[in-house]
Amino acid sequence: MTTIAEPSRTTGTAFALRRLYFVRFAFAIVWVLVMFTTAKEITPVAATLLVLYPLFDVGAAVVDAKASRGTQSPTLLYVNMAVSLAAAVGVGIASTSGIPSVLRVWGAWAIVSGLVQLIVAVPRRKMGGQWPMILSGGISVLAGTSFVATAGADDPALTNAIGYAVPGGIFFLISALRLGRTAEKR
């Protein structure tokens, strides 16, 4: 009789998160490249892109919650979904008021979602590939604080907020690669 061992829940979660992290990396890089072409002012295209980023985060949190259900409670991911959805609506409304308003909403979202990312990643350390997520969450909190602070500058710009997506994407890529190594070892 031959038996085939099923992958553990942790391994299954690691594989799902690895795929998700690759997609998040690709989305972030494409979004940044497109967004930088419209960064000087808030046009309808820029406003749409600014709303799209937190909406994508909602979708990613849904996928993450589904993948993680067997290994941990998805409660914080539900919080992240709600916060990102509120951020999308808030950025949409703020985009009609100008760059300072967008930076304030974007910054608040970065702070809260960064805290959630940090808190979710800490217990996942044993799965592997989570140190970049822990760092990313902490950096997100700092960056969000910076966005809120620079909203009051004489000539606030979206470029820093746009550039914020680059390290986030890179951290997702590093986590995806590390999760692949972890899954192969098991």
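Student: I would like to begin with the interior of this model: which helix gives the largest share of the lining of the largest cavity?

Tutor: The largest share, 7 residues, comes from helix 4, and please keep in mind throughout that the model is predicted. Helix 4 is not alone in this, since helix 1 (9-36), helix 2 (44-68), helix 3 (75-94), helix 4 (99-121), helix 5 (131-150) and helix 7 (165-185) each supply at least two residues of that lining.

Student: How many cavities are there, and what volume does the largest cavity have?

Tutor: A cavity is a set of points where a 1.4 Å probe fits but cannot get out. Here the count comes to 2 cavities of 30 Å³ or more, and the largest cavity has a volume of about 400 Å³. It is lined by 28 residues, of which Arg24, Asp57, Ser113, Gln117 and Phe172 are the closest to its centre.

Student: How do the residues of that lining divide by class?

Tutor: The lining of the largest cavity divides into 16 nonpolar, 8 polar and 4 charged residues.

Student: Which residues line the second largest cavity, and what is its volume?

Tutor: The second largest cavity has a volume of about 40 Å³, and its lining is made up of Arg24, Phe27, Ala28, Tyr53, Phe56, Gly168, Gly169 and Phe172. Helix 1, helix 2 and helix 7 each supply at least two of these residues, and by class the lining has 5 nonpolar, 2 polar and 1 charged residues.

Student: Where does Gln117 lie, and is it buried or exposed?

Tutor: Burial is read from the relative accessible area, with buried meaning under 20%. Glutamine 117 lies in helix 4, and at a relative accessible area of 19% this residue is buried. When its neighbours within four places in sequence are left aside, glutamine 117 is in contact with Met133, Ser136, Gly137 and Phe172.

Student: Phe172 has come up several times, so let me turn to the rings: how many aromatic pairs does the structure hold?

Tutor: The structure holds 9 aromatic pairs. In one of them, the rings of tyrosine 21 and phenylalanine 172 have their centres 5.2 Å apart and their planes at 55°, so the pair is tilted. Because tyrosine 21 lies in helix 1 and phenylalanine 172 in helix 7, this pair ties together parts that are 151 residues apart in sequence. Tyrosine 21 and phenylalanine 172 are both buried.

Student: What is the arrangement of the rings of phenylalanine 27 and phenylalanine 56?

Tutor: Planes under 30 degrees apart count as stacked. For phenylalanine 27 and phenylalanine 56 the ring centres are 3.8 Å apart and the planes meet at 5°, so this pair is stacked. Phenylalanine 27 lies in helix 1 and phenylalanine 56 in helix 2, so the parts tied together here are 29 residues apart in sequence. As to accessibility, phenylalanine 27 counts as buried at 19%, whereas phenylalanine 56, with a relative accessible area of 24%, is partly exposed. Both residues belong to one aromatic cluster, formed by Phe27, Trp31, Tyr53, Phe56, Trp106 and Trp109.

Student: How does the span of helix 3 agree with what its 20 residues should give?

Tutor: The expected span is 1.5 Å times one less than the number of residues. For the 20 residues of helix 3 this should be 28 Å, and the end C-alpha atoms are 28 Å apart, which agrees. Its buried residues are Leu77, Asn80, Met81, Ser84, Ala87, Ala88, Gly90, Val91 and Ala94, and they pack against helix 2 and helix 4.

Student: Is Lys66 buried or exposed?

Tutor: Lysine 66, which is found in helix 2, is exposed, with a relative accessible area of 66%. The C-alpha atoms of lysine 66 and alanine 16 are 9.3 Å apart in space, while the two residues are 50 residues apart in sequence.

Student: Finally, what does the chain as a whole come to in helices and strands?

Tutor: The chain has 7 helices and 0 strands, and along the sequence the pattern reads α-α-α-α-α-α-α. Of its 186 residues, 46% count as buried. Among the contacts with a separation of 6 or more, residues 24 or more positions apart account for 76%.

Terms used. Residues are numbered from 1 along each chain as its sequence is written. This is a predicted model: local features need pLDDT of at least 70, side-chain atom pairs count only at pLDDT 80 or more; totals for chains, interfaces and linings use all residues. Side-chain values use heavy atoms; hydrogens and water are left out. On a 1 Å grid over the protein atoms alone, a cavity is a set of points where a 1.4 Å probe fits but cannot get out, and a pocket is an open set with protein on both sides within 12 Å along at least five of seven lines; lining residues have an atom within 4 Å of a point. Grid points are joined across faces, edges and corners, and a volume is the space filled by probe spheres set on the points. Helices (H or I, at least four residues) and strands (E, at least two) are DSSP runs, numbered from the N terminus. Ala, Val, Leu, Ile, Met, Phe, Trp, Tyr, Cys and Pro count as nonpolar, Asp, Glu, Lys and Arg as charged, and the others, Gly among them, as polar. Rings of Phe, Tyr and Trp (its six-membered ring) pair if their centres lie within 6.5 Å; planes under 30 degrees apart count as stacked, over 60 as edge-to-face and the rest as tilted. Buried means under 20% relative accessible area, exposed over 50%, partly exposed in between (1.4 Å probe, protein chains only). Contact means heavy atoms within 4.5 Å.
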